[in-house]
Amino acid sequence: MLETLRTFTLAESPSTEKIAADRCAEFIAAEWHKREVNVALIPQKSRGNHIRIEWKPSSAGSKGQLLVLGHYDTVYATGTLEKMPFRVSAGKAYGPGVFDMKAGIVQALFALDVLQQINAPVRKKIVFLWTSDEEIGSESSRKLLEAEARRSDAVFVLEPSLGPKGLLKTARKGVGEVELIVQGKASHAGLAPENGVNAVNELALQITKMRAWNDPHRGVTVNADMIQGGTRVNVIAERARALIDLRALRLADMRAVEKKLRALKPILPGAKLEVKGGFNRAPMERKVSAALFARAKSLAAQMRIQLGEGTAGGGSDGNFTAALGIPTLDGLGAVGDGAHSAHEHIIIRKMPERAAVIAALLANS
Ligand SMILES: [Zn+2]
C-alpha cells in the first residue's frame, strides 16, 4: 500500500496544472488496470482527466450501484516535492496530498483487491470515480459525479477522516463565497467631500452588518476574508470590494443567509451594491449519512475496529451527492493530519484497517 501511495504522491497533481494532473491520472489508472475492472479516462479541456472505474462482479444483480468517490488533485504546485518530499518516519508517511486524499485512493484499490481475492458476494455494481478538481470547487466534475450519484444507492467518499481517532464525517457544512462590490462616487476629500460617496465606508458598514449573521451554535459563520478599496489618500473611495466566506450546517440556515444576501440594501445615500456568488456546496446534513454510518460502525465492530463520527467545517464532493438525497458517508479515507500544510501525513498502520472497512461496506450495501 505504501509503495502505491509513493507512486501516486510522486506524480504531483495540482488542480490547476493539467499536464501534471493528467500524468498522475495515468499512474492511478494503470494501477486499476491491473485488476479485473473497466477503466476509463474522461478527457477534460483545462483540468486533469477524470478517472472512472467500473467493476461488475459476477455476484451482482442487474440493478443497483455503489459509488466510491474521491479526487486525485492536490493543493500543491508542481515542485512542492523538493521541499516536502515523500518520506516515511515513525509510522507516518508524509508528502503533498497523501492525506487529502491519495491514501484514500490506495485504500479503495486494496479494498477491491480483497473483494476480488476472496470472491466476496458483492451484490451491486461498483463505480470508483476519481476526479481532478475537487480542491478548486469541482467545476469540471460536478455534473459527472452528480449523474453517477443519481444512479447509485449509496456514495462512499474517501476524503480524509477527522482527527487522530479517524472519525467518519457524517455532516459537513455548506460552503460559499460571495463577492460584495460597492460603487460609490469619487471626490476631493478636502474641497468637495459632500459630492462624494465613500465606497470603503459603505463596505465597512455592510461587513459590520453581516457580522451579526454569525451563529456559531448553529454552525453559521460569515467572514470577510479579503477587502480592497479606494485609490489614494485625498480621494473619496469610488469602489470597494470584499470576499466573504459563508458556512452553514443546515439547509434552512443556508437559505436564510442567501435570503439576507439578496435583501442587502445600500446604507449610505448614493452608494450602489452588487452581490456576486453565494453557496457553492449545500450542507451535508447528518440524516443523509446516519444509516450508512450505523452500518459502517457495526461492520467495523465485527473486525474489532472502533469507528466514531464527527462534523467537518469544510465541504467536499460529498456535499453535492448528499444534496441530491443520495445516502452519503464521508471521511472514509486515511487517518492522519495536516491536510493542505507542510506536515501533511497519514498513519500507515491505519491504511489496511480503513481498506477493510471500505471492503466490508461494499460487500454489505
Ligand atoms: Zn479532499
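Four donors around a metal count as tetrahedral if all angles lie between 85 and 135 degrees; four count as square planar and six as octahedral if opposite donors are over 155 degrees apart and all others between 65 and 115; anything else is irregular. With that in hand, welcome to this predicted model, where local features need pLDDT of at least 70, side-chain atom pairs count only at pLDDT 80 or more, and totals for chains, interfaces and linings use all residues. Residues are numbered from 1 along each chain as its sequence is written, and side-chain values use heavy atoms, leaving out hydrogens and water.

**The zinc site**
- His71 (NE2), Asp100 (OD) and Glu159 (OE, listed twice) coordinate the zinc ion at 1.9 to 2.7 Å; donors are N, O and S atoms within 2.8 Å of the metal (3.2 Å for Na, K and Ca), and sites may look incomplete because water is not among the atoms.
- Angles among the four donor atoms run from 52 to 144°, making the site irregular.
- His71 and Asp100 are both buried (under 20% relative accessible area, with a 1.4 Å probe and protein chains only).

**Helix 4**
- Asp100 sits in helix 4, and His71, 29 residues apart from it, in strand 3 (residues 65-71); helices (H or I, at least four residues) and strands (E, at least two) are DSSP runs, numbered from the N terminus.
- In helix 4, 16 of the 20 residues are buried.

**The nonpolar cores**
- The largest nonpolar core has 59 residues, and Trp32, Phe128 and Trp130 have the most contacts inside it; such a core joins buried Ala, Val, Leu, Ile, Met, Phe, Trp, Tyr and Cys residues through side-chain atoms within 4.5 Å.
- Helix 4 (residues 98-117) gives this core its largest share, 11 residues.

How values were computed: Buried means under 20% relative accessible area, exposed over 50%, partly exposed in between (1.4 Å probe, protein chains only).
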